[in-house]
Amino acid sequence: WCAGEGLGVWGMGPGAVKTTELVPLALGKGETSVVMLADNLGRLSEGSMMGEAKGVFGEVWEASVIKCGVPKLETETPMEPLKYRTPIMGLQVGDTTDARRLVWKFQHKRKTPVFVCIDVPRDDGSLAPGLVLLNGAPISVLTPGSSLRLRLEGEKLKATSTLELAIAGDMEHASKALKGAVTLFAGEACVGEKGDWGFAKWEPPTGNAWETLKKGATRKGDAPMWWKASFEVPEECGPLCFDTEGLSKGQVFINGHNLGRYFTETSTHKSVGPQTKLTIPESWIKEGVMNEAVVFDEHGFVPWGCRVVSAG
């Protein structure tokens, strides 16, 4: 969000702007506030690239696309990826990369960083693990289905630098899938260099911060919003579910317990699912008294359609 206006979702998945596209940010004269909500979803659960950074780390940069043309297949000395990093799933000691590498050449004469986005397709039988090289030296591991976000410091670049992909498979067959995998961005200016960044903990409002919403009321905009409601259940009601119908993406809390995440619709009301109901543990429910449901919705959808229903 910039100056209170939503700019969109940047990342991966339904409704998101791809991370290989720039987010438009129009900054006028005077002071401007930029707000980002960092989601902690989407970590890899297997493979060689676990432990990747999430959220906002480092500065935010104004950037421009570097046009580096169509990559070429060039022959170089094969390398052993396991001498750079171990383990790499799918490789054994002694495995080497193909002598052919896919090479991009680019120029960046400033001392600002260059940002590299590499989205490797899922393994279709032609892809294999390998290495990413800058000017002939390995800088990262490359695995099928991985998404890499690399920062190249300006002082480490040459007048004309090369970025290479080398895999431990047949590069000639894999080159078609990898040609469109790389996007380069030149850092133009550090947006926050002359500003101050603040961190606000993600937590629900307290005390008098809640406002009553009139029945049937709607709201404009797509800013995140917290909602709270009370409900009562009869004795021996059996298993219950929280139905997230009409919401977008967020989390639900029942009586202070984190019930779970949901992704029901995108910001443009495109259905996602398939799960729209979250099962409520029976031990969390208080019979004969009021229970509390708290919802955090990333796009501020009004929860008029939400219900606590029987799980039967």
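## A walk from pocket to core

Strand 12 gives the largest share of the lining of the second largest pocket, with 7 residues. That makes strand 12, residues 225-232, a good place to begin. Keep in mind along the way that this is a predicted model.

**Stop 1: the second largest pocket.** With strand 12 selected, add strand 17 (290-297) and strand 18 (307-310); each of these three strands supplies at least two lining residues. The space between the walls comes to about 750 Å³. To find the centre, show Trp227, Lys228, Ala229, Pro303 and Trp304, the closest to it among the 25 lining residues. Now try colouring the lining by class: you should find 17 nonpolar, 3 polar and 5 charged residues.

**Stop 2: the largest nonpolar core.** Next, select Phe106, Val116, Ile118, Leu165 and Leu178. Within this core of 27 residues, these five touch the most other members. Strands 5, 6, 7, 9, 10 and 11 each give two or more residues to the core, and so does helix 1 (171-178). A second, separate core has 19 residues, including Val252, Leu259, Ile280 and Val302. As background, nonpolar side chains tend to be buried together in soluble globular proteins.

**Stop 3: Leu178 and Leu127.** Zoom in on Leu178. Beyond four places in sequence, Leu178 touches Leu102, Trp104, Val120, Pro121, Leu127, Leu165, Ile167 and Met171. Follow the contact to Leu127, which sits in the loop between strand 6 and strand 7. Is Leu127 buried or exposed? Leu127 is buried, because its relative accessible area is 7%, under the 20% cut-off. Its contacts, again leaving out residues up to four places away, are Val120, Pro121, Arg122, Pro144, Ala174, Ala177 and Leu178. Draw a distance between the C-alpha atoms of Leu127 and Pro144: these residues are 17 apart along the chain, and the separation is 6.3 Å.

**Stop 4: the loop around Leu82.** Move to the loop between strand 4 (72-75) and strand 5 (100-106), where you will find Leu82. Outside its neighbours within four places, Leu82 is in contact with Pro87, Ile88, Leu91, Gln92 and Val93. From the C-alpha atom of Leu82 to that of Thr96 is 8.7 Å, with their positions 14 residues apart in the numbering.

**Stop 5: two cysteines.** Finish with Cys68 and Cys241. Cys68 counts as buried at 17% relative accessibility, and Cys241 counts as buried at 8%. How many disulfides does the structure hold? The count is 0.

How values were computed. Residues are numbered from 1 along each chain as its sequence is written. This is a predicted model: local features need pLDDT of at least 70, side-chain atom pairs count only at pLDDT 80 or more; totals for chains, interfaces and linings use all residues. Side-chain values use heavy atoms; hydrogens and water are left out. On a 1 Å grid over the protein atoms alone, a cavity is a set of points where a 1.4 Å probe fits but cannot get out, and a pocket is an open set with protein on both sides within 12 Å along at least five of seven lines; lining residues have an atom within 4 Å of a point. Grid points are joined across faces, edges and corners, and a volume is the space filled by probe spheres set on the points. Helices (H or I, at least four residues) and strands (E, at least two) are DSSP runs, numbered from the N terminus. Ala, Val, Leu, Ile, Met, Phe, Trp, Tyr, Cys and Pro count as nonpolar, Asp, Glu, Lys and Arg as charged, and the others, Gly among them, as polar. Contact means heavy atoms within 4.5 Å. A nonpolar core is a set of buried Ala, Val, Leu, Ile, Met, Phe, Trp, Tyr and Cys residues joined through side-chain atoms within 4.5 Å. Buried means under 20% relative accessible area, exposed over 50%, partly exposed in between (1.4 Å probe, protein chains only). A disulfide is a pair of cysteine sulfur atoms within 2.5 Å.
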